[in-house]
Amino acid sequence: MKYLLIMHMNPKIWDSLTEDERNAVMSGHEPFIATIRESGEMISTEALGDPSTSAVVTVTGGTPVVTDGPFLETKEYLAGYYLVDCETRERALELAAMIPDAAIQGMGVEVRPVMFSAGMEM
C-alpha cells in the first residue's frame, strides 16, 4: 500500500534550533533515503518551497483569481513528503519515525494512506 509521509514545518521551532541541529536534520535525510531505496519502498520525495512563494488559485463565476502566498495563516506548513510503498501501516509508521524531523519537539511526520493515484500509466 502507498503511504504519504508528510513533513510539517513550524518556522518558530525551526528558527529556535542551532545551526548544528538544523544541519543534523537536513543531513539525516540522506541515510533515510538510502534505507528506503535499498528496501525498495521509496517511490518519490519532494521538498517544497516556502509558503511565501506559493499562490492560491480560486475560480469565482468562471474567472480564475490568483492570490499570492499561503491560503491560510498557520503556524505550520507542509514542507515536503516521501511517497512510499510498504506492506503495512505499521511499517509506514516505522519509516516516519526514522525521518529526522519527527525527532524535533513540536514538529512531526503525518502518515496518510494514498487512496487514489494517477501517473504516467497512459
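A polar contact is a pair of N or O atoms within 3.5 Å; within protein, one atom must be able to donate a hydrogen and the other to accept it. In this predicted model, the side chain of Glu41 makes such a contact with the side chain of Ser39, at 2.6 Å. A further polar contact, of 2.8 Å, joins the side chains of Glu41 and Arg91.

**Overall architecture**

The chain contains three helices and six strands. Read from the N terminus, these elements follow the order β-α-α-β-β-β-β-α-β. Along the principal axes, the C-alpha atoms occupy a box of roughly 50 × 45 × 20 Å. The chain has 122 residues, of which 30% count as buried. Its accessible surface comes to about 8400 Å², and carbon and sulfur atoms contribute 56% of that area. Among contacts with a separation of 6 or more, 74% are between residues 24 or more positions apart.

**Surroundings of Glu41**

Glu41 is placed in the loop between helix 2 and strand 2. Its relative accessible area is 10%, and because buried means under 20%, Glu41 falls in the buried class. Leaving aside residues up to four places away in sequence, Glu41 touches Ile36, Leu83, Val84, Asp85, Cys86, Arg91 and Leu95.

**Salt bridges**

Side chains of opposite charge can pair when their charged atoms come close. In this model the count comes to three salt bridges, listed below with the distance between N and O atoms.

| Salt bridge | N to O distance |
|---|---|
| Arg91 and Glu41 | 2.8 Å |
| Glu94 and Arg91 | 2.7 Å |
| Glu110 and Arg112 | 2.4 Å |

The salt bridge of Arg91 with Glu41 links distant parts of the chain: Arg91 belongs to helix 3 (residues 89–98), whereas Glu41 is in the loop between helix 2 (19–38) and strand 2 (42–47), and the two are 50 residues apart. The partners Glu94 and Arg91, by contrast, both lie in helix 3, three residues apart, which is about one turn of the helix. Glu41, Arg91 and Glu94 are thereby linked in a network of salt bridges. Within this network, Glu41 is buried at 10% relative accessibility, while Glu94, at 45%, is partly exposed.

In the salt bridge of Glu110 with Arg112, Glu110 is partly exposed, with a relative accessible area of 26%. Arg112 is also partly exposed, with a value of 45%.

**Aromatic pair**

What is the geometry of the rings of Phe32 and Tyr82? The structure holds one aromatic pair. The ring centres of Phe32 and Tyr82 are 4.8 Å apart and the planes stand at 75°, so the pair is edge-to-face. Because Phe32 lies in helix 2 and Tyr82 in strand 5 (residues 77–85), the pair ties together parts that are 50 residues apart in sequence. Phe32 and Tyr82 are both buried.

**Nonpolar surface patch**

Met1, Met115 and Phe116 make a nonpolar surface patch of about 430 Å². Of these residues, Met115 is located in the segment after strand 6 (108–113). The relative accessible area of Met115 is 71%, and exposed means over 50%, so Met115 is classed as exposed.

Conventions: Residues are numbered from 1 along each chain as its sequence is written. This is a predicted model: local features need pLDDT of at least 70, side-chain atom pairs count only at pLDDT 80 or more; totals for chains, interfaces and linings use all residues. Side-chain values use heavy atoms; hydrogens and water are left out. Patches are made of residues with over 30% relative accessible area and no salt bridge: like charges are joined within 9 Å, nonpolar side chains (Val, Leu, Ile, Met, Phe, Trp, Tyr) within 5 Å. Accessible areas come from the Shrake-Rupley method with a 1.4 Å probe; for residues, only the protein chains shown count as cover. A salt bridge is a side-chain nitrogen of Lys or Arg within 4 Å of a carboxyl oxygen of Asp or Glu. Helices (H or I, at least four residues) and strands (E, at least two) are DSSP runs, numbered from the N terminus. Buried means under 20% relative accessible area, exposed over 50%, partly exposed in between (1.4 Å probe, protein chains only). Rings of Phe, Tyr and Trp (its six-membered ring) pair if their centres lie within 6.5 Å; planes under 30 degrees apart count as stacked, over 60 as edge-to-face and the rest as tilted. Contact means heavy atoms within 4.5 Å.
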